[in-house]
Amino acid sequence: MHLNWLRSFPALPDRQDPDLTPSALARAELESAFPGWDLTLTLSPGMGDTWVYDRIGRSVILTGGETGLLYGAYALIRAGLAGRALPEHLESAPAYGLRMIDCWDNLDGSIERGYAGRSLFFEGGRFAYDPARVRHVARMMASVGLNVLCVNNVNVRQPAQSLMDGLLPDLSALADLFRPFGVRLMISVDFSAPLGCGVGSADPLSPEVRQWWAEAADRIYAEVPDLAGFLVKADSEGQPGPHTYGRTHAEGANMLAEALRPHGGTVVWRCFVYNCKQDWRDKGTDRPMAAYDTYKPLDGQFAENVILQVKNGPFDFQVREPLSPLLLGMSRTPLGLEVQLAQEYTGQQIDLYTMATLWKEIMADLPAGNIRAMAAVSNLGRDENYFGHPLAAVNLFTFGRLCWDPAGYDPEAAVTEWIRLSYGFTGAEENALRGWMLRSREIYEKYTAPLGLCWMVNPHTHYGPNPWGYEFDLWGTYNRADRQAVGIDRTGAGTGYTLQYPPALRERYENPQTCPDGLKLFFHRMAYDAVMADGRTLIQRIYDDHFEGAREAEAMRDALKALPFPAPDRQVIAERADRQAENAREWRDVVNTFFRRLSGADDARGRRIYD
Ligand code: GCU
């Protein structure tokens, strides 16, 4: 079985005993990783996820809650195996209570935006899984402090009730596998479920509907008493929601919250709401503004056990977006940040795209304030190595490290630890791999849509270049390139999007002089001959980036092929690096030709741009 970063961990104690507790697992893990240690584990249930470590001479004392001991054990094992020295005293507590992986797995076994094979959990309309692989996923999650897994797609396609009733015993059996690792399950629910179950409505203010949800929750919690709660995509891309009944999202979410409250469950309500039937001729609607416009007026109206889950950017996990203003604008509502490990727009686990630095950039603008949860769309699947691209595993690993300790999170250190645990590289090999992994985002960014412009991808599949693929469509995704200029003016003088930000960010983005180059075309409409901070024209910057990006993808391919990865990773990495170099070449030529045809501008350095 492929082990990713658990490769250097000792074999998993082979106990599938349903009564195995996280603290007992912690002891077993530590004893097998460090057989010579004089170890004292002290369970202090009130400490929850928190742990304290002390070393006095040869004695090691670990104190923590039931899950705290487990997280402490894994932190010690990671440090020990990666050759990191520990101080004599350490204390650690996670920054967020919910540290989630959201699987977009369908009951038929397919995965929406899955790039690592079919579902690990479902096939043919029912649960179907290999318990050993599930335990491996649970151990991977626990080893970096992740504690919730939402098992099914937010676009709930199965008959409304199946997860809630027909498949409950199977859900319960799956929860048993995850429980020793401190991982609780969550399920995505269909807001209109009561409609399909004999109640003539899904109106959140209807007493029958409320009663139906309360009873559904009772049945679910009878089988899975520690279910973390419900994840909901409502009134979004065709999913049903409270707007059908003229109700607000606060009314919808609070109805579900009421049903979950007696069981201690949480409603995680996604804020991915926008007009997905826009007319491209309509310049008065600017999609990135939609979520803020919908939710800001509802700030303070949500029940205590509701968390609003907001994507990191205002569009949809594009290669570069600014932080969503909604994350900064809801001071009276608990929020969750949603990122996407599944590389939908970022190379589909064919192209290398290490997100370690992205996490840092997101956190730079995000005040700790009312963030209660972090969620990542899963990049896991049934492929032998779980991630499609063996190096894509780093994204789950660093995401876990980020949600445990965003303040102390260091991308370089996290990637280094992952490399050592996964491949045991040291010295020049470690440096080379870390260097390419940390640069991989920038390389991808250079050869795809320029400077925050977004959406130049092939429609639907979202892999490969297509500059006008989304231009005359209904998704609100336009670049409005013409012969003089490209981009949309999103300042106060334009669509007004920048006005959704607090003053410091608003000023930074409003002014083309202070707007970072990487986001210039997100916020501004720019003439091709506009001069950038470094003196180059916009068009020259576009050409340069695309030539450089494609060249760097080739250099990265050659460097990765020279590293001594073990089989089968070596072959898979080489094969994907070849495909990436080809993809980069295609992007380079399509984007450069597109802009050359429009602008008529030649490359100042005389490189070949096709007619
Ligand atoms: C994107 C993605 C969809 C997904 C949606 C979501 O639009 O392409 O597949 O359902 O995000 O986050 O809900």
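**Figure 1. Overall view of the predicted chain.** The chain has a radius of gyration of 25 Å, which agrees with the value near 25 Å that a compact globule of 611 residues would have. The model shown here and in the following views is predicted. Along the principal axes, the C-alpha atoms occupy a box of roughly 70 × 65 × 45 Å. The secondary structure comprises 16 helices and 16 strands. Of the 611 residues in the chain, 61% are buried.

**Figure 2. Domain arrangement of the chain.** The domain assignment divides the chain into domain 1 (4–92), domain 2 (98–422) and domain 3, the last of these being made up of 426–488 and 525–611. The centres of domain 1 and domain 3, taken over C-alpha atoms, are separated by 44 Å.

**Figure 3. Close-up of the ligand and the residues that surround it.** The ligand is surrounded by 13 residues, and the closest are Glu-112, Lys-233, Arg-270, Lys-311 and Glu-344. By residue class, the shell around the ligand consists of eight charged, three nonpolar and two polar residues. Three side chains that approach oxygen atoms of the ligand are described here. An N or O atom in the side chain of Glu-344 is 2.5 Å from a ligand oxygen atom. For the side chain of Lys-233, the corresponding distance from an N or O atom to an oxygen atom of the ligand is 2.6 Å. In the case of Arg-270, a side-chain N or O atom and an oxygen atom of the ligand are 2.7 Å apart. The ligand taken alone exposes 320 Å², and the protein buries 96% of that area.

**Figure 4. Close-up of Asn-153 and its contact with Glu-112.** Asn-153 is situated in the loop that runs between strand 8 (148–150) and helix 4 (168–178). Its relative accessible area is 1%, so Asn-153 counts as buried, the limit being under 20%. The side chains of Asn-153 and Glu-112 form a polar contact of 3.0 Å. Glu-112 is also one of the closest residues to the ligand.

**Figure 5. Close-up of Gln-158, with Ala-527 as a distant reference point.** Gln-158, like Asn-153, is found in the loop between strand 8 and helix 4. With a relative accessible area of 9%, Gln-158 is buried. In sequence, 369 residues separate Gln-158 from Ala-527, and their C-alpha atoms are 48 Å apart in space.

**Figure 6. Close-up of two non-glycine residues with positive phi, Arg-113 and Arg-480.** Most residues other than glycine have a negative phi. Arg-113 has a positive phi near 60° and belongs to the loop between strand 5 (98–102) and strand 6 (122–123). Its relative accessible area of 25% makes Arg-113 partly exposed. Arg-480 has a positive phi of about 50° and is placed in the loop between helix 12 (427–447) and strand 15 (485–486). Arg-480 is buried, at a relative accessible area of 17%.

**Figure 7. Close-up of the cis peptide bond before Pro-568.** Most peptide bonds are trans. The bond from Ala-567 to Pro-568 is cis, with omega near 0°. Pro-568 lies in the loop joining helix 15 (538–561) and helix 16 (569–599).

**Figure 8. Close-up of Ala-82 and Gly-424.** Ala-82 occupies a position in the loop between helix 2 (66–81) and strand 4 (89–92). A relative accessibility of 6% places Ala-82 among the buried residues. Although Ala-82 and Gly-424 are 342 residues apart in sequence, their C-alpha atoms are 8.0 Å apart in space.

**Figure 9. Close-up of Ala-533 and Gln-513.** Ala-533 is located in the loop between strand 16 (526–527) and helix 15. With a relative accessible area of 70%, Ala-533 is exposed, because this class begins over 50%. Ala-533 and Gln-513 are separated by 20 residues in sequence, and the distance between their C-alpha atoms is 7.3 Å.

How values were computed
Residues are numbered from 1 along each chain as its sequence is written. This is a predicted model: local features need pLDDT of at least 70, side-chain atom pairs count only at pLDDT 80 or more; totals for chains, interfaces and linings use all residues. Side-chain values use heavy atoms; hydrogens and water are left out. Domain bounds come from an automatic or database domain assignment. A residue is near a molecule or strand if one of its heavy atoms lies within 4 Å of it. A polar contact is a pair of N or O atoms within 3.5 Å; within protein, one must be able to donate a hydrogen and the other to accept it, and residues adjacent in sequence count only if both atoms are side-chain atoms. Accessible areas come from the Shrake-Rupley method with a 1.4 Å probe; for residues, only the protein chains shown count as cover. Ala, Val, Leu, Ile, Met, Phe, Trp, Tyr, Cys and Pro count as nonpolar, Asp, Glu, Lys and Arg as charged, and the others, Gly among them, as polar. Helices (H or I, at least four residues) and strands (E, at least two) are DSSP runs, numbered from the N terminus. The radius of gyration is taken over C-alpha atoms; the globule rule is 2.2 Å times the number of residues to the power 0.38. Buried means under 20% relative accessible area, exposed over 50%, partly exposed in between (1.4 Å probe, protein chains only).
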